[in-house]
Amino acid sequence: MPEDERQMMEAGFATRAIRTGHWRTPEGEHGEPIFTTSSYVFSSAAEAAARFAGDQAGNIYSRFTNPTVRAFEERLASLEGGERCVATASGMAAILAVCMGLLKAGDRILSSRSLFGSTTMLFNKYLARFGIETTYVPLSDPDAWEAAIDSRTRLLFCETPSNPLTEMADLRQLAAIAHRHDCLLAVDNCFCTPALQRPLELGADLVIHSATKYLDGQGRCVGGAVVGDHKLVGEEVFGVLRTAGPTLSPFNAWVFLKGLETLELRMLAHARGAAQLADWLLAQPAVEHVYYPGLSGHPQHRLIGTQQRTGGGIVAFDMRGGQTGAWRLIDATRLLSITANLGDTKSTITHPATTTHGRLSPEERSAAGIGDGLVRVAVGLEDIADIQADLLPGLADLQP
């Protein structure tokens, strides 16, 4: 291993977030270049054959080998503590690639009930067509996880914290359960990023990201990633990308590289603002319940500081008046962006029951705890006083 590469592996998180993955070209550039090329030129027919056969490392075709994408993959793998990363066209493409690469007809996924709506749709509607079944259990109940595993279970899948109720799973405990039954554990780390939580260090086998969210940090591009070891990710998941092609564009990879440079600073700032907003919402008469891991009353608050560095940047709360109350609050805002995206510098607000989880049946939403009065705020980087002032008119209008 080259000395400069070894030195980078031993560097701190912030340094790796800025420097990992960029190996300067002969041009001597200071910033990472964008390689906007579909293909690459070989020095000979023999070199082309060796590249395609896998006998020689190097670029082949940008569907599965691109220097800008590779720089993003190397940087994120370093931050998550993984051996390999495969970048994808979206977060959902990352989940699909994991399932296609590691599962077959007859296998079963054991998943937490609290999931992003599109993930549930992927499992229930599309993977089921190919003979892959999914069973759902409460995220934070380890006994339920263990009891639901059978001989066909191959993959345990969870989000922690969950979207949108910020419920948490004890990952050390969940990893032990998975490995006791020869299963893999995949964790969607979108809400925390490696700046706040590193599932691989806690025993998980795979980490999945929607890079669209906090990894970008400014709502500019769509992308995803899977991080893990050389076998699972570098061979199996990568094989899906090489063949099927749900790959990340070089431009989007470059944008995500820039986002990673400020990831730790942003995540800590998001979390500070979210903690202040959660405390403030507790005192609002129109709010029936606040969901935020940083609150002492959160059911899994004990995991803050041991598994998860802070409470994160997402706050959810139940409004009085059900959907009517939630919509009146949302429509009264003027500063917050009414959008289902999150992880942006701009704070966003949404009504999960009719947006992110709107394609689920009422029964599925009820089982996941998604009520009609639930509102989710992804706290951005604005002054927290301005966020509170923007919410106040709608909250005041709904006081009992």
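1. I begin with helix α12, in which L263, R266, M267, H270, A271, G273, A274, L277, A278, W280 and L281 are buried. This and everything below refers to a predicted model. The helix covers residues 263–282, and because its 20 residues should span 28 Å at 1.5 Å a residue, the distance of 28 Å between its end C-alpha atoms agrees with that expectation.

2. Helix α3, residues 45–53, can be read by its two sides. Buried in α3 are E47, A48, A50 and R51. Viewed down the axis of α3, these buried residues fall within an arc of 165 degrees, and they therefore line one face of the helix. A45, A46 and A53, by contrast, are exposed and belong to the other side of α3. The residue that follows α3 is G54, which has a positive phi near 85 degrees.

3. The loop between β4 and α8 deserves a careful look at its backbone. P161 has its place in this loop, between β4 (153–159) and α8 (171–180), and the peptide bond leading from T160 to P161 is cis, with omega near -5 degrees. P164 lies in the loop between β4 and α8 as well, and a cis peptide bond, with omega of about 10 degrees, joins N163 to P164. T166, which is also found in the loop between β4 and α8, has a positive phi of about 55 degrees although it is not a glycine. With a relative accessible area of 1%, T166 is buried.

4. A further non-glycine residue with a positive phi is T193, for which the angle is near 65 degrees. T193 lies in helix α9, which comprises residues 193–196. Its relative accessibility is 1%, so T193 counts as buried.

5. Internal empty space should be described next, and the general idea is that rolling a probe the size of a water molecule over the atoms shows where such space is left. With a threshold of 30 Å³ or more, the count comes to one cavity, and the volume of the largest cavity is about 50 Å³. Its lining consists of P161, T166, F191, C192, P293, Q308, G311, G312, G313 and I314. Two of the loop residues discussed above, P161 and T166, are thus part of this lining. Sorted by class, the residues that line the largest cavity are five nonpolar and five polar, with no charged residues.

6. The largest pocket is a separate matter, and about 990 Å³ of space lies in it. It is lined by 39 residues, of which R70, E73, E74, E83 and R84 are the closest to its centre. At least two lining residues are supplied by each of α1 (3–9), α4 (67–80), β1 (84–88) and α10 (232–244). Of the elements that contribute, α4 provides the largest share of the lining of the largest pocket, namely six residues. By class, the lining of the largest pocket divides into 15 nonpolar, 14 polar and ten charged residues.

7. Turning to strands, the model contains an open sheet of five strands in the order β8-β9-β12-β11-β10, and the pairing in this sheet is mixed. β8 (287–291) and β10 (337–338) stand at the edges, each with a single partner strand, so one side of each is left without a neighbour in the sheet. For the pairing itself, the general rule is that strands of a sheet pair through backbone hydrogen bonds, either parallel or antiparallel. Here β8 and β9 (residues 314–319) run antiparallel and are joined by four bridges. As one bridge in this pairing, Y291 has A316 in β9 as its partner.

8. A last point concerns L184, which is found in strand β5, residues 184–188. How far apart are L184 and L156 in sequence, and how far apart in space? They are 28 residues apart in sequence, while their C-alpha atoms are 6.0 Å apart in space. As to solvent exposure, L184 has 21% relative accessibility and therefore counts as partly exposed, given that buried means under 20% relative accessible area.

Methods: Residues numbered from 1 in each chain as written. Predicted model: local features only at pLDDT ≥ 70, side-chain atom pairs only at ≥ 80, totals over all residues. Heavy atoms only, no water. 1 Å grid on protein atoms, 1.4 Å probe; cavity = no way out; pocket = protein on both sides within 12 Å on 5 of 7 lines; lining within 4 Å. Points joined across faces, edges and corners; volume = space filled by probe spheres on them. Nonpolar A, V, L, I, M, F, W, Y, C, P; charged D, E, K, R; others polar. Expected span 1.5 Å × (residues − 1). Buried < 20%, exposed > 50% of the residue type's maximum accessible area, 1.4 Å probe, protein only. Pairing = 2+ DSSP bridges. Arc of directions from axis to C-beta.
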